[in-house]
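I set out to record, entry by entry, what I looked up in this structure. The notes below follow the order of my enquiries.

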Amino acid sequence: MEIERPFDALSQSRGKRIVIEMKDKSQISGVLKAFDKHVNLLLENAEVRVDGKMKSKIGTVFIRGGTIVSVALE
Amino acid sequence: MEIERPFDALSQSRGKRIVIEMKDKSQISGVLKAFDKHVNLLLENAEVRVDGKMKSKIGTVFIRGGTIVSVALE
Amino acid sequence: MEIERPFDALSQSRGKRIVIEMKDKSQISGVLKAFDKHVNLLLENAEVRVDGKMKSKIGTVFIRGGTIVSVALE
Amino acid sequence: MEIERPFDALSQSRGKRIVIEMKDKSQISGVLKAFDKHVNLLLENAEVRVDGKMKSKIGTVFIRGGTIVSVALE
Amino acid sequence: MEIERPFDALSQSRGKRIVIEMKDKSQISGVLKAFDKHVNLLLENAEVRVDGKMKSKIGTVFIRGGTIVSVALE
Amino acid sequence: MEIERPFDALSQSRGKRIVIEMKDKSQISGVLKAFDKHVNLLLENAEVRVDGKMKSKIGTVFIRGGTIVSVALE
Amino acid sequence: MEIERPFDALSQSRGKRIVIEMKDKSQISGVLKAFDKHVNLLLENAEVRVDGKMKSKIGTVFIRGGTIVSVALE
């Protein structure tokens with residue numbers, strides 16, 4: 001698939017592990033299950049990291065787009 | 001039900017306990033009763049936690065989407 | 001009435017006392033008179049509390065939705 | 001007039017003195033002349049107060065809705 | 001002209017000196033040349049003041065509405 | 001050309017040097033090449049200044065409107 | 001191609017290295033792969049820099065427009 005828009009890359013990352021940089025400086029990593037145009041994301045097997053150290057396992061999590069800085073893809 | 005969009009997962013969590021991470025660093029847990037596309041949520045039997053310690057029981061609460069960071073689902 | 005959306009619960013709380021958690025950490029309690037889809041609220045017999053202590057009585061007050069964190073209902 | 005929406009109360013306050021709580025913690029009081037759906041307000045004979053003390057008289061003032069926390073009505 | 005909406009007052013202030021209170025606590029005064037519904041303003045002969053002291057003359061300036069707190073009119 | 005709206009003045013400044021006041025207190029000066037209704041700006045030969053001192057030359061730069069306070073025109 | 005709008009310049013920078021100034025004061029450089037009207041950007045071979053020092057290599061990254069200050073183009 002040709003990448004035309006940034007969301008096309010999220011589309012290709014469904015089912016893969018991604019790392020989200022949050023506005024509060026934490027990172028959330030998990031398997032991308034779903035997203036929408038507001039950059040709301042649904043992750044499975046998610047973990048929160050602060051300063052590179054694991055802080056908690058949160059399982060399935062809905063992340064509101066407005067609190068996301070960036071999403072590192074594989 | 002197949003999950004297509006992040007909101008589908010909220011839909012499946014109706015009637016279940018969820019934990020909301022708030023922008024002010026508190027957590028609100030409760031039973032998800034209703035939600036809308038702005039991520040406004042209605043919880044029952046809700047409790048506020050700060051640093052993992054229970055701070056107050058607030059019963060039924062309407063939470064404005066714009067103040068939510070993420071929602072951990074079962 | 002069945003609750004489908006979070007606003008349905010606000011609708012049921014008309015004429016009842018509610019407690020609003022504000023972004024500035026104060027609480028405003030009062031009798032809910034009216035609301036709209038932006039979560040703008042109109043309260044009567046309203047009081048402002050900070051750290052649980054009453055700060056001032058403000059009577060009838062229009063609260064702009066964008067400054068609200070959550071609304072505890074009866 | 002029956003109050004259906006919060007803006008109905010602003011409508012009834014035209015020509016009356018109101019007190020606006022601002023995001024920057026100051027208060028602006030004045031006679032409400034006009035408002036719109038963004039909660040932009042026009043006041044006459046307006047005064048700015050900080051910590052309850054009068055800071056300045058600003059006469060006629062246009063206040064942008066996005067900077068308003070709440071509006072106390074008579 | 002009857003004032004129905006807050007923008008009507010801006011309309012009447014075209015060509016007159018106004019004083020803008022900015023979110024960053026500075027004031028910008030100048031002659032109002034034009035405005036739009038986002039409260040974007042165009043001023044001529046503008047001056048920036050901080051704590052009541054003149055900081056700089058900036059001539060013609062476009063001010064983005066989202067950074068404005070209030071506008072004092074004559 | 002008569003100035004009706006603030007954007008008309010940006011239109012007249014195409015090809016001229018402008019100075020942008022940013023929310024982070026820096027200034028970016030450069031030659032205005034293009035703009036849109038969100039106040040997104042494209043500058044050429046741009047320089048960043050902090051406290052009046054040149055910090056870096058950044059050549060051609062796209063500036064997102066939401067981060068702009070004001071734009072001083074010639 | 002004539003540049004009419006700021007986004008035209010992003011269009012010309014597809015496949016080229018750009019440097020993004022983020023709201024949190026970090027810089028992200030990378031090869032621009034795609035963008036949309038919200039200034040959401042997709043970069044490849046991206047690196048994060050803080051105070052001019054490389055902090056991490058993040059490969060392919062989706063950057064949410066709302067967290068971007070400016071984009072320096074070649």
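**Entry 1. A glycine in chain B**

In which strand of chain B does B:Gly30 lie? I worked throughout with a predicted model. I located B:Gly30 in strand E2 of chain B, which covers residues 27–35.

I then asked whether B:Gly30 is buried or exposed. The relative accessible area of B:Gly30 is 0%, and I count the residue as buried because the cut-off for that class is under 20%.

Next I listed what B:Gly30 touches, setting aside residues up to four places away in sequence. The list holds B:Lys16, B:Arg17 and B:Ile18, and further along the chain B:Leu43, B:Glu44, B:Asn45 and B:Ala46. For one of these, B:Glu44, I also looked up the backbone separation: its C-alpha atom is 5.5 Å from that of B:Gly30, although 14 residues separate the two along the chain.

**Entry 2. An asparagine in chain C**

I turned to C:Asn40 and found it in the loop between strand E2 (27–35) and strand E3 (41–50) of chain C. Is this loop residue, C:Asn40, buried or exposed? With a relative accessible area of 3%, C:Asn40 is buried, because that value falls under the 20% limit.

I checked the side chain of C:Asn40 for a polar partner and found C:Asp36, the two side chains being joined by a polar contact of 3.0 Å. Leaving aside neighbours within four places in sequence, I noted contacts of C:Asn40 with C:Ala34, C:Phe35, C:Phe62, C:Ile63, C:Arg64 and C:Gly65. The same list includes two residues of chain D, D:Pro6 and D:Phe7.

**Entry 3. The interface of chain A and chain B**

How many residues of chain A are in contact with chain B? I recorded 17 residues of chain A, in contact with 19 residues of chain B. The two chains bury about 1,500 Å² between them, and carbon and sulfur atoms account for 61% of that area. On the side of chain A, the residues that lose the most area to chain B are A:Thr60, A:Phe62 and A:Arg64, which together make up 41% of what that side buries.

I searched this interface for salt bridges and the rule returned one. A:Asp24 forms a salt bridge with B:Lys25, with the closest N and O atoms 3.8 Å apart. For polar contacts, I noted a count of nine residue pairs between chain A and chain B, both residues being at pLDDT 80 or more.

I then asked which strands of chain A supply the side that touches chain B. Strand E2 (27–35), strand E3 (41–50) and strand E4 (53–63) each supply at least two residues. E4(A) gives the most, with five residues. By class, I recorded nine nonpolar, three polar and five charged residues on that side of chain A.

Strand pairing also crosses this interface: E4(A) pairs with strand E5 (residues 68–73) of chain B, antiparallel, over four bridges. Within that pairing I looked up A:Phe62, and found it opposite B:Val71 in E5(B).

**Entry 4. The interface of chain E and chain F**

I repeated the enquiry for chain E and chain F. The contact draws 17 residues from chain E and 20 residues from chain F. The area buried between these chains is about 1,500 Å², with carbon and sulfur atoms giving 61%. In chain E, the greatest losses of area to chain F fall on E:Thr60, E:Phe62 and E:Arg64, together 42% of what that side buries.

The rule finds one salt bridge across this interface. The partners are F:Lys25 and E:Asp24, whose closest N and O atoms are 3.9 Å apart. I noted nine residue pairs in polar contact between chain E and chain F, again with both residues at pLDDT 80 or more. On the side of chain E that touches chain F, E4(E) supplies the largest share, five residues.

Which strand of chain F pairs with E4(E)? I found strand E5 (residues 68–73) of chain F, paired with E4(E) in the antiparallel sense over four bridges. The bridge partner of E:Thr60 in E5(F) is F:Leu73.

**Entry 5. Chains that do not touch**

Finally, I looked up two further chain pairs. Chain A and chain E do not touch, and their nearest C-alpha atoms are 18 Å apart. I likewise found no contact between chain B and chain F, whose closest C-alpha atoms lie 18 Å apart.

Key
Residues are numbered from 1 along each chain as its sequence is written. Chains are lettered from A and ligands numbered from 1 in the order in which they are written. This is a predicted model: local features need pLDDT of at least 70, side-chain atom pairs count only at pLDDT 80 or more; totals for chains, interfaces and linings use all residues. Side-chain values use heavy atoms; hydrogens and water are left out. Contact means heavy atoms within 4.5 Å. Buried area is the accessible area (1.4 Å probe) that two parts lose on being put together, summed over both. A salt bridge is a side-chain nitrogen of Lys or Arg within 4 Å of a carboxyl oxygen of Asp or Glu. A polar contact is a pair of N or O atoms within 3.5 Å; within protein, one must be able to donate a hydrogen and the other to accept it, and residues adjacent in sequence count only if both atoms are side-chain atoms. Two strands pair if DSSP finds at least two bridges between them. Buried means under 20% relative accessible area, exposed over 50%, partly exposed in between (1.4 Å probe, protein chains only). Ala, Val, Leu, Ile, Met, Phe, Trp, Tyr, Cys and Pro count as nonpolar, Asp, Glu, Lys and Arg as charged, and the others, Gly among them, as polar.
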